[in-house]
Structure formats: structure tokens, C-alpha cells
Amino acid sequence: MALIAKMLLRQGQTLAMTPQLLQAIKLLQFSSAELAAFVEEELERNPLLERAEEGPDPAPTGIDAASEPVSGDSPGLAADPGEGDWSSAQLATSSQALAESLGTEVENAFDGDRELSPAAERQNLENLGLSDSAWSGAGSGDASGEAPNIEAYVASRSSLAEFLNEQLAIATGDPVERMIGLAVIDAIDEAGYLRESAEDIAERLGVAPERVEEAIALVQTFEPTGIGARDLAECLALQLREQDRFDPAMAAMVANLPLVAKRDFAALRKICGVDDDDLKDMMAEIRRLDPKPGRAFGGATVQPVAPDVIVRAARDGSWLIELNSETLPRILVNQTYAAKVSRKGSADEEKSYLSQCLQNANWLTKSLEQRARTILKVSSEIVRRQDAFLAHGVAHLRPLNLKNIADAVGLHESTVSRVTSNKYIETPRGLFELKYFFTASISAHGGGDAHSAEAVRFKIKQMIDAEAPDAILSDDAIVEKLKAQQIEIARRTVAKYRESLRLPSSVERRREKQTAAP
């Protein structure tokens with residue numbers, strides 16, 4: 001068989017991912033915060049884009065006091081003083097006449113009216129704390145014409161490491177001990193635990209491990225109590241020693257925290273050598289302790305979530321759906337500036353740059369409009385299908401998947417997935433992510449409409465919360481109760497949902513509720 005090289009001409013269709021299309025896809029999956037940051041970058045990069053500022057407030061309606069004359073006979077207004085009371089004939093105008101009427105020198109009565117030199121006036125303001133330097137701190141407010149920076153006076157929130165470093169500077173003056181203490185503080189995480197062993201710190205600093213242990217013991221005396229512990233047991237022990245409650249019985253309980261987590265009260269009574277009442281008090285003391293002493297200082301700043309869509313109930317029983325205007329970026333293409341620049345004779349490179357900027361600006365505005373329309377369309381369909389949840393609660397949440405919404409609105413499933421990612425909707429039931437409304441389907445017992453997995457999880461929690469101490473429901477009993485409500489579900493699925501709700505097993509719940517019962 002001979003091999004021959006040929007040239008063939010074929011015609012076909014392919015989808016080319018242009019930069020504009022990639023940008024539109026990226027905008028669709030951005031959250032409101034990410035979109036605002038992206039738009040800010042584009043505003044700095046593209047000279048033809050500008051922010052659409054809101055117009056000035058309209059003039060207030062009503063009577064304008066500057067144009068309408070006010071009579072002294074008008075009701076509600078005090079009458080003007082008599083004209084004769086203020087006539088120049090009855091007023092003393094000379095200094096001598098004023099002095100005679102006042103019985104003292106004019107300077108004594110009207111000291112504030114005397115003209116002061118600029119230096120003296122500034123000195124008086126500084127004495128009263130009203131000068132520009134007293135507010136700006138630099139004394140340059142009048143020179144620059146800018147208002148003082150009020151944010152400079154806002155107290156910054158110190159981090160856990162800064163708080164510990166301040167205590168270390170007071171606790172010891174030894175440079176070596178302070179250096180080791182700084183290394184120990186650097187190894188403490190946001191929860192307040194020491195995440196590096198003393199041997200590793202000693203090897204890194206080239207000191208004896210005993211010196212590191214001494215520094216760790218010093219740091220563990222700092223506030224908040226329990227800081228610098230290597231595990232949960234040591235953290236609780238430090239807090240109990242601070243409260244003078246670390247007796248042998250409590251030490252035995254802290255040493256057996258796995259039994260506390262399992263609520264094995266029989267084994268704890270035997271190990272600690274206490275009765276039921278003492279064990280109950282000890283458990284209450286353990287619960288009052290802070291397992292993460294460093295969390296009071298927090299970590300990264302948590303940004304509040306702003307809803308992208310707002311749903312409100314209408315008077316006729318329907319739902320009003322609208323986009324949150326505060327999260328929508330308002331940008332415009334400055335066509336006037338683009339035309340003005342293009343009329344001037346410019347080089348080919350400048351014209352190409354201007355044309356590219358105009359094209360990118362127009363495409364960005366269109367992409368933002370398309371993004372807003374798509375979010376509103378998908379959200380409206382979700383609200384239409386989950387109206388029972390909005391009206392009656394979680395128990396009426398219906399099963400829903402991406403394909404149902406995609407087929408209804410005429411979009412691809414991947415597009416619906418991008419629209420619902422990191423988007424939030426504000427409803428009368430609270431603030432939810434759009435992904436929350438997509439739940440798995442659980443078939444009904446004996447046929448009928450399927451049930452939402454989230455609604456079934458809510459029913460399981462209601463059953464466990466309502467159980468009595470002498471009638472604890474096992475997973476099999478929960479399965480039978482759900483079958484009575486026409487919900488077909490396996491026992492392992494009930495166990496999985498119960499664990500996702502952080503609910504203990506029936507054995508642990510029975511021990512806890514029987515111990516807590518009077």
C-alpha cells in the first residue's frame with residue numbers, strides 16, 4: 001500500500017473562544033465583591049470608561065424662605081421687634097455713650113470684639129484645642145486645603161501576636177528569653193495553639209530545648225488564658241488552673257476527653273470517682289471553658305454578604321423579584337471623549353489603542369447587562385419552583401437540579417451553575433445562596449411526588465429535637481417514622497444526614513438526656 005501526501009480543502013464549524021467570550025463567562029461566575037474589584041481595575045485601565053454617578057438630589061418642595069416674605073403676623077412665628085426699639089435715634093453709637101450706659105470701659109464689656117493679630121488668634125485656637133493642627137496632627141490642614149483624616153483616629157484592632165508580644169516585653173527583659181518567646185508566639189495559630197514542637201524551635205534557634213520549654217511556660221501565663229497549649233487537654237487544664245479548679249477528679253476528666261465526647265458517663269464516674277451530681281457539675285464547667293482562646297482576636301476580616309437578588313411578597317400573594325441595585329456596577333462609555341480624541345490627528349498606534357479601548361468598553365457594558373438579565377431570569381425560575389418554601393418553610397422545599405432550571409430558561413447547565421455560584425438571594429425566610437435551593441430528590445413511599453433531601457434533613461432534626469429522654473429514636477425508628485410520612489429512605493442515609501447535622505447517635509443522646517434529666 002503506497003503512502004501519498006495530498007492537500008485537501010474541508011469546511012466545518014467550530015466554536016472559537018474569543019477574549020470577549022471568555023470575559024463574559026468570567027463575569028458571570030464572579031461574586032458581587034469580585035465583580036466590583038474587576039470593574040475598578042477596568043476603570044483605571046480604560047480611559048473611555050467612567051462611573052455613572054447619581055445626579056444631585058432634587059430641590060426640596062415647599063415654601064422657599066429666601067423668596068417668600070414672612071410677615072410678623074404669620075401664625076407660629078414670633079412678631080418682629082418694634083421698629084422704634086431698634087431705631088438709630090435711641091441707640092448709643094459713640095464709645096463714650098456706651099461706656100456711660102454700661103458703667104465700665106468698652107474694652108471690658110466687648111473684649112472679644114477687639115482685633116487680634118493672626119499669631120495671637122492662632123494661639124488662642126490652639127489653647128482651646130480648635131486649631132487645624134489639633135485635628136490633623138501635622139498642622140498642614142490649612143496649607144493643603146484638605147479636611148483632616150478622621151480615619152487616622154480610629155483605633156486599630158490588635159492581632160493575637162501583637163497582644164502577646166506586648167505582654168512578652170513586660171514579662172521579661174532577658175534578650176535571649178525574649179527572642180525565644182517571640183519564636184514561640186510566631187508558632188501559635190489563630191486558635192491559640194502552639195503548632196510547632198519545642199525541639200523544632202530549639203533546633204531552629206540553636207538553643208537548648210529546656211530554654212524553649214521555659215519560654216512556652218512563660219507564654220502560657222499570658223492572657224487570654226489557655227494560650228500556647230499544644231492540645232485541647234492542655235488548653236482546658238490551663239484554664240482550670242487559673243480558676244483553681246484543677247483537682248484530681250477534674251484532671252482525670254481532662255485526661256479522658258474522648259470519653260467526654262462519647263458521653264460515656266458510667267466510665268467517667270468510675271475514673272473520676274464522683275457521683276452523678278458532681279459529674280454533671282464537672283461537665284458544666286468543661287462546657288464553660290473556651291476551647292479556642294485565640295478566636296477572640298479573630299483572623300482575616302469577614303466581609304458581609306450582600307444579596308444579589310431581593311424577593312418580597314406582593315399584596316396579591318405573588319413574589320416581587322428584583323436585582324439589588326447596590327451590588328450592580330454602574331459604568332458608562334464616554335462617547336463624547338472618544339469622539340473628541342479621535343477627531344485629532346493621531347498616530348496609527350494611538351488610533352489602534354483608542355479603538356481597542358472603545359471596543360473593550362462597549363463589550364464590558366454589554367456583558368454586565370447580559371449578566372444582570374441572566375441572574376434575574378434564573379432567580380425568577382428558582383423562586384417560581386420554590387414558592388412553597390418561601391411561603392411555608394424548609395419542610396416544603398422541593399427537589400431541584402440544574403437541568404430543570406436550564407431547560408426552563410433555555411440555558412446550558414454550566415451557565416446555570418456559574419450564575420448560581422457565589423450569588424445570594426434575600427427572601428422573607430432569610431439570606432440564602434442560590435445553590436441552597438438545588439437539593440437531591442428522595443423518592444416517595446408508594447409513589448407520589450419526590451421529597452427534597454434538605455426537607456428530609458429538616459424533618460430528622462425536628463424528630464430528634466422533640467424526642468423524650470425515655471423514648472430516644474434510633475436510626476431504624478426514624479426510618480419507620482419517615483415511611484409513615486410517605487418518604488422512602490435507607491437507614492444509612494438517615495445516619496449520614498444525622499451526622500451532617502452534628503447530632504450524636506441514639507446511645508449518646510440517651511446518656512446525655514438521662515443525665516441532664518432531673
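Strands and surface patches in a predicted model

Me: In this predicted model, which residues make a nonpolar surface patch of about 330 Å²?
Reply: The patch is nonpolar and lies on the surface, with an area of about 330 Å². Its makers are L15, M17 and L22.

Me: Is L22 buried, partly exposed or exposed?
Reply: L22 sits in helix α1, which covers residues 19–29. Buried means under 20% relative accessible area and exposed means over 50%, with partly exposed in between. The relative accessible area of L22 is 45%, so L22 is partly exposed.

Me: What charge does the surface patch of D275, D277, D278 and D281 carry?
Reply: Asp counts as negative. D275, D277, D278 and D281 gather on the surface, and the charge of their patch is negative.

Me: Is D277 buried or exposed?
Reply: D277 belongs to helix α16, residues 276–288. A residue is called exposed when its relative accessible area is over 50%. D277 has 53% relative accessibility and therefore counts as exposed.

Me: Which residues of strand β5 form its covered face?
Reply: Strand β5 runs over residues 424–427 and has two faces, one covered and one uncovered. Y424 and E426 are on the uncovered face. The covered face holds I425 and T427.

Me: Is T427 buried or exposed?
Reply: T427 is part of strand β5. The limit for buried is under 20% relative accessible area. T427 has 8% relative accessibility, so T427 counts as buried.

Me: What distance separates the C-alpha atoms of T427 and P307?
Reply: Along the chain, T427 and P307 are 120 residues apart. In space, their C-alpha atoms are separated by 9.5 Å.

Me: Which residue in β5 is the bridge partner of V309?
Reply: Strand β2, residues 309–313, runs parallel to β5, and 2 bridges join them. In β5, V309 has as its bridge partner I425.

Me: Which residue in β6 stands opposite E426?
Reply: β5 pairs with strand β6, residues 430–433, in the antiparallel sense over 4 bridges. A hairpin of 2 residues joins β5 to β6. Opposite E426 in β6 stands L431.

Me: How many residues lie between β2 and β3 in their hairpin, and what is the phi of G317?
Reply: β2 and strand β3, residues 319–323, run antiparallel and are joined by 5 bridges. Across this pairing, I310 stands opposite E322 in β3. The hairpin has 5 residues between the strands, and G317 in the turn has a positive phi of about 95°.

Definitions and conventions:
Residues are numbered from 1 along each chain as its sequence is written. This is a predicted model: local features need pLDDT of at least 70, side-chain atom pairs count only at pLDDT 80 or more; totals for chains, interfaces and linings use all residues. Side-chain values use heavy atoms; hydrogens and water are left out. Patches are made of residues with over 30% relative accessible area and no salt bridge: like charges are joined within 9 Å, nonpolar side chains (Val, Leu, Ile, Met, Phe, Trp, Tyr) within 5 Å. Accessible areas come from the Shrake-Rupley method with a 1.4 Å probe; for residues, only the protein chains shown count as cover. A salt bridge is a side-chain nitrogen of Lys or Arg within 4 Å of a carboxyl oxygen of Asp or Glu. The place of a charge is taken as NZ of Lys, CZ of Arg, CG of Asp or CD of Glu. Buried means under 20% relative accessible area, exposed over 50%, partly exposed in between (1.4 Å probe, protein chains only). Two strands pair if DSSP finds at least two bridges between them.
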